[in-house]
Amino acid sequence: MRTDIGIDLGTDTTRVYMGRGVVLTAPTVIAMDRDTGEARAYGRDAYHMIGRTSDRLAAICPVQHGTIADFEAAELYLRQLFARVCGKKLVRPRVMVSIPGNITAVKQRSVVDALESAGARNVCLIEAPLAAAIGLDVDFSTPHGVTVVDIGKGTTEIAVLSMGGLSRCQSLPVGGSAFDEEIIRFARREFNVTIGPLTAERIKKAIGCVKPRPVEVGMVVNGLQVFTGLPESVEITSSQLYQATQSVANDIVSSIQQVFEQTAPEMVADTAKDGLILTGGGSMIFGMAQLLSERLGLPVNPVPDPLNCVINGLGKALTNSKVLQNGDYRFRSLEDLTIE
Ligand code: ADP
Ligand code: MG
């Protein structure tokens, strides 16, 4: 029997679709033994090792800004995924995988190469914003502009779709983790306290905001005093976080403006009427939809399940090939990929 699977290889989280639904959701992290190159843990278990490993053990996030940054670690990670979802099946799976909208041919090859080395037979690459639109059942087959903004952990994908494919696409190397970094910087500047990335992410999810919250909230955070190196607790408030997140929010707004400037006015007018589709985990920070709507002067439609649009789209594309009528979406092997 043939096995087809969909993989959303995100900077933050990898999701796998097989059969009739999402069968695996795991942080894109692998813990490997530096000496032997063997995997010690992956996913959630490896995630908790970030910042807590020994000299010999490394917890690696192999995907950075949407593309493979550490090939060896990515391959090892994908091997664990295949072993988990395909078990001991003898047939190598065909894999439909999402990639950022405008990555280079070399980076595309590295995704295919990593998947094949880990056990895939053939690979079909689909741009993530396109997959998100499919996942949301948005019709982009007609000559009508549909704008999708997908804010992930390490990238923001901005795409205008029309006539069944991508008309314009830009990938900004800024996403949810840029907010975390700003929070770390703020704590150091304001309180002389160093906090770790996992703590910063927790603060962002709990009380972070890109628009002022109607009711101010605060949170006690544990970190290390810069001068003494000793543990210290400080209280951080939502209005402080609002200040800290502005520069990243501005970057996202101006990138969308840039894409609109390069897009045919008719298609921007379509988006102004229908609204922009906002997805990805990074878009879940408080106030993002309102901020974009106000700054861009158009309606913004947040989606019900922003984390799963892309993987749901890959699942739909696997089971219904008609959704990918336009464009060259085929399963290929590494040898079939040519570098222009
Ligand atoms: P990727 O596709 O890059 O793997 P995801 O779409 O899964 O990313 O989103 C992950 C990002 O979303 C992370 O930076 C995470 O901190 C952020 N995120 C997830 N939930 C929330 C939330 N409730 N509030 C703010 N940010 C969130
Ligand atoms: Mg994503």
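In which helix does aspartate 180 lie? In this predicted model, aspartate 180 belongs to helix 5, which spans residues 176–191.

**View 1. Aspartate 180 in helix 5 and its surroundings**. With a relative accessibility of 7%, aspartate 180 counts as buried, because buried residues are those under 20%. Leaving out residues up to four places away in sequence, aspartate 180 touches Ala200, Glu201 and Lys204. A further partner for orientation is alanine 244, which is 64 residues away along the chain and whose C-alpha atom is separated from that of aspartate 180 by 9.6 Å.

**View 2. The packing of helix 5 with helix 6**. The axes of helix 5 and helix 6, the latter comprising residues 197–207, come within 8 Å and cross at roughly 105°. Helix 5 and helix 6 are therefore roughly perpendicular to each other, as angles of 65 to 115 degrees are classed in this way. On the side of helix 5 the contact involves Gly176, Ser177, Phe179, Asp180, Ile183 and Ile184, and these meet Pro197, Ala200, Glu201, Ile203 and Lys204 in helix 6. By residue class, the contact of helix 5 with helix 6 divides into six nonpolar, two polar and three charged residues.

**View 3. The packing of helix 7 with helix 9**. Helix 7 (residues 238–261) and helix 9 (residues 288–296) pack at an angle of about 50°, and their axes are 11 Å apart. That angle makes helix 7 oblique to helix 9, and helix 7 passes helix 9 in a right-handed crossing. Helix 7 contributes Ala249, Asn250, Ile252, Val253, Ile256 and Gln257 to the contact, while helix 9 contributes Met288, Leu291, Leu292, Arg295 and Leu296. Of the residues in the contact of helix 7 with helix 9, eight are nonpolar, two are polar and one is charged.

**View 4. Alanine 249 within helix 7**. Alanine 249, which is found in helix 7, has a relative accessibility of 1% and so counts as buried. When residues up to four places away in sequence are not counted, alanine 249 touches Phe179, Val210 and Leu291; among these, Leu291 is one of the residues through which helix 9 takes part in the contact with helix 7. Measuring from C-alpha to C-alpha, alanine 249 and lysine 211 are 9.7 Å apart in space and 38 residues apart in sequence.

**View 5. The packing of helix 4 with helix 10**. Helix 4 (residues 128–135) and helix 10 (residues 309–319) pack at an angle of about 75°, with 6 Å between their axes. Helix 4 and helix 10 are therefore roughly perpendicular to each other. The contact is formed by Ala128, Ala131, Ala132, Ile134 and Gly135 of helix 4 together with Cys309, Val310, Asn312, Gly313, Leu314, Lys316 and Ala317 of helix 10. Eight nonpolar residues, three polar residues and one charged residue make up the contact of helix 4 with helix 10.

**View 6. The nonpolar cores**. The largest nonpolar core has 37 residues, of which Ile7, Phe82, Val97 and Leu115 touch the most other members. Helix 2 (residues 71–86) supplies the largest share of this core, namely nine residues. A second core, separate from this one, consists of 27 residues and includes Ile151, Phe260, Leu296 and Leu298. Apart from its neighbours within four places in sequence, valine 97 is in contact with Ile7, Leu9, Val111, Leu115, Val123, Cys124, Leu125, Ile126 and Leu314.

**View 7. Two loop residues with positive phi**. Methionine 163 is not a glycine, and yet has a positive phi of about 50°; its place is in the loop between strand 12 (156–162) and strand 13 (165–172). At 45% relative accessibility, methionine 163 counts as partly exposed. Asparagine 192, likewise not a glycine, has a positive phi of about 55° and lies in the loop between helix 5 and strand 14 (193–194). The relative accessibility of asparagine 192 is 29%, which means that asparagine 192 counts as partly exposed.

**View 8. Glycine 43 in its loop**. Glycine 43 is found in the loop between strand 5 (39–42) and helix 1 (44–47), and is buried, with a relative accessible area of 1%. Its contacts, leaving aside neighbours within four places in sequence, are with Ala26, Pro27, Val29 and Tyr77. The C-alpha atoms of glycine 43 and glycine 287 are separated by 29 Å, and the two residues are 244 residues apart along the chain.

Notes:
Residues numbered from 1 in each chain as written. Chains lettered and ligands numbered in written order. Predicted model: local features only at pLDDT ≥ 70, side-chain atom pairs only at ≥ 80, totals over all residues. Heavy atoms only, no water. Helix = DSSP H or I, 4+ residues; strand = E, 2+ residues; numbered from the N terminus. Buried < 20%, exposed > 50% of the residue type's maximum accessible area, 1.4 Å probe, protein only. Contact = heavy atoms within 4.5 Å. Core = buried A, V, L, I, M, F, W, Y, C linked by side-chain atoms within 4.5 Å. Axes fitted to C-alpha atoms, helices over the stretch in contact; angles between N-to-C directions. Parallel < 35°, antiparallel > 145°, perpendicular 65-115°, else oblique. Left-handed = near helix turned anticlockwise from the far one by under 90°. Nonpolar A, V, L, I, M, F, W, Y, C, P; charged D, E, K, R; others polar.
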